[in-house]
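This briefing covers one protein chain, with attention to its strand pairing and its charged side-chain contacts. Please look over the sequence and the structure before reading on.

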Amino acid sequence: MAARRGALIALEGVDRAGKSTQGRRLVQGLRAAGHKADLIRFPDRTTEIGQLISSYLVREKDLEDHTVHLLFSANRWEHVPLMKEKLHQGITIVVDRYAFSGVAFTNAKGNFCLDWCKQPDVGLPKPDLILFLQLSPEEAAERGNYGHERYESSSFQEKVLQSFYCLMEDKTLNWKTVDASQSIEDLHREIKSIAEKTMEEVQNKPLEELWK
Ligand code: DGP
Ligand code: NA
Ligand code: NA
């Protein structure tokens with residue numbers, strides 16, 4: 001019998017929903033429970049492509065919109081060989097943002113249809129679970145002001161949220177919405193239990209390709 005594989009778990013949601021905190025806590029919690037687990041944050045600003053993306057986000061550099069979209073996608077693709085290797089070694093991978101942020105942020109710019117936005121990410125490893133951290137714009141606002149990076153305004157974030165809702169209509173994907181207004185610990189417990197259930201369910205199933 002083939003070795004059991006790890007699960008690919010994506011965390012998505014608007015800015016400040018707590019994705020990065022929950023991603024770190026989830027990997028810690030899974031490891032503490034004896035599972036093998038790793039975290040990847042997208043964009044990964046440490047690679048050469050990631051440095052370009054970072055200079056765009058902090059407004060040091062202006063890049064053409066299609067170009068930026070493809071760079072974010074390329075930044076995911078450059079991790080794919082290692083992600084696949086780890087998943088097949090039984091390591092669960094938690095990704096803090098994935099192709100859904102890629103589509104939602106570009107689609108929110110207004111002049112890019114969902115179909116075009118999805119194309120560069122078609123064929124990425126398909127997440128076994130997408131946890132959508134749901135937080136109302138009002139609750140997000142209570143968590144403090146946005147920073148000065150590109151995209152950090154409530155009007156743009158509202159459009160991003162609408163694009164996420166369109167993507168969530170795809171029932172071939174395993175979306176689970178969780179209430180991100182709970183305490184960090186309560187949300188962590190809920191997320192960890194959903195994650196462990198998914199890990200159990202997919203361990204003998206083949207890894208699939210996204211949007212194919
Ligand atoms: P973060 O480090 O998670 O705060 O992400 C930085 C910003 O980049 C944030 O506003 C969300 C945005 N972002 C994340 N992934 C993508 C993507 O694939 N495409 C675009 N256009 N924006 C993204
Ligand atoms: Na941000
Ligand atoms: Na984050």
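How many salt bridges does a search of the whole structure find? The search finds 15 salt bridges. The model is a predicted one, and the points below take up the annotated domain, strand β3 with its neighbours, and some of the salt bridges.

**Annotated domain**
- An unreviewed UniProt entry carries the annotation "domain: Thymidylate kinase-like" for residues 11-191.
- Across residues 11-191, helix makes up 49% of the chain and strand 13%.
- The C-alpha atoms at the two ends of this range are 10 Å apart.

**Strand β3 and its partners**
- Strand β3 spans residues 92-96, and 5 of its 5 residues are buried.
- In a regular strand, side chains alternate between the two faces of the sheet.
- In β3, Thr92, Val94 and Asp96 point one way, while Ile93 and Val95 point the other way.
- Strand β1 (residues 8-13) runs parallel to β3 and is joined to β3 by 4 bridges; Leu11 has Asp96 as its bridge partner in β3.
- Strand β2 (residues 37-41) also pairs with β3 in the parallel sense, over 5 bridges; here Ile40 stands opposite Val95.

**Salt bridge between β3 and β2**
- Asp96 and Arg41 form a salt bridge in which the closest N and O atoms are 3.1 Å apart.
- This pair links Asp96 in strand β3 to Arg41 in strand β2, 55 residues apart in the chain.
- Asp96 counts as buried because its relative accessibility is 3%, under the 20% cut-off.
- Arg41, at 49% relative accessibility, counts as partly exposed.

**Salt bridge between a loop and helix α3**
- Asp121 and Arg76 meet through their side chains in a salt bridge, at 3.0 Å from N to O.
- Asp121 lies in the loop between α6 (114-118) and β4 (129-134) and Arg76 in helix α3 (residues 65-77), so the pair ties together parts that are 45 residues apart in sequence.
- Asp121 is buried at 0% relative accessibility, and Arg76 is buried with a relative accessible area of 3%.

**Other salt bridges**
- Glu209 and Lys212 have side chains that meet in a salt bridge, with an N to O distance of 3.1 Å.
- Glu209 is partly exposed, with a relative accessible area of 39%, whereas Lys212 counts as exposed at 71% relative accessibility.
- A network of salt bridges links Arg31, Asp38 and Lys86.

Notes: Residues numbered from 1 in each chain as written. Chains lettered and ligands numbered in written order. Predicted model: local features only at pLDDT ≥ 70, side-chain atom pairs only at ≥ 80, totals over all residues. Heavy atoms only, no water. UniProt positions renumbered as here; feature names shortened; annotations may be inferred. Buried < 20%, exposed > 50% of the residue type's maximum accessible area, 1.4 Å probe, protein only. Pairing = 2+ DSSP bridges. Salt bridge = Lys/Arg side-chain N within 4 Å of Asp/Glu carboxyl O.
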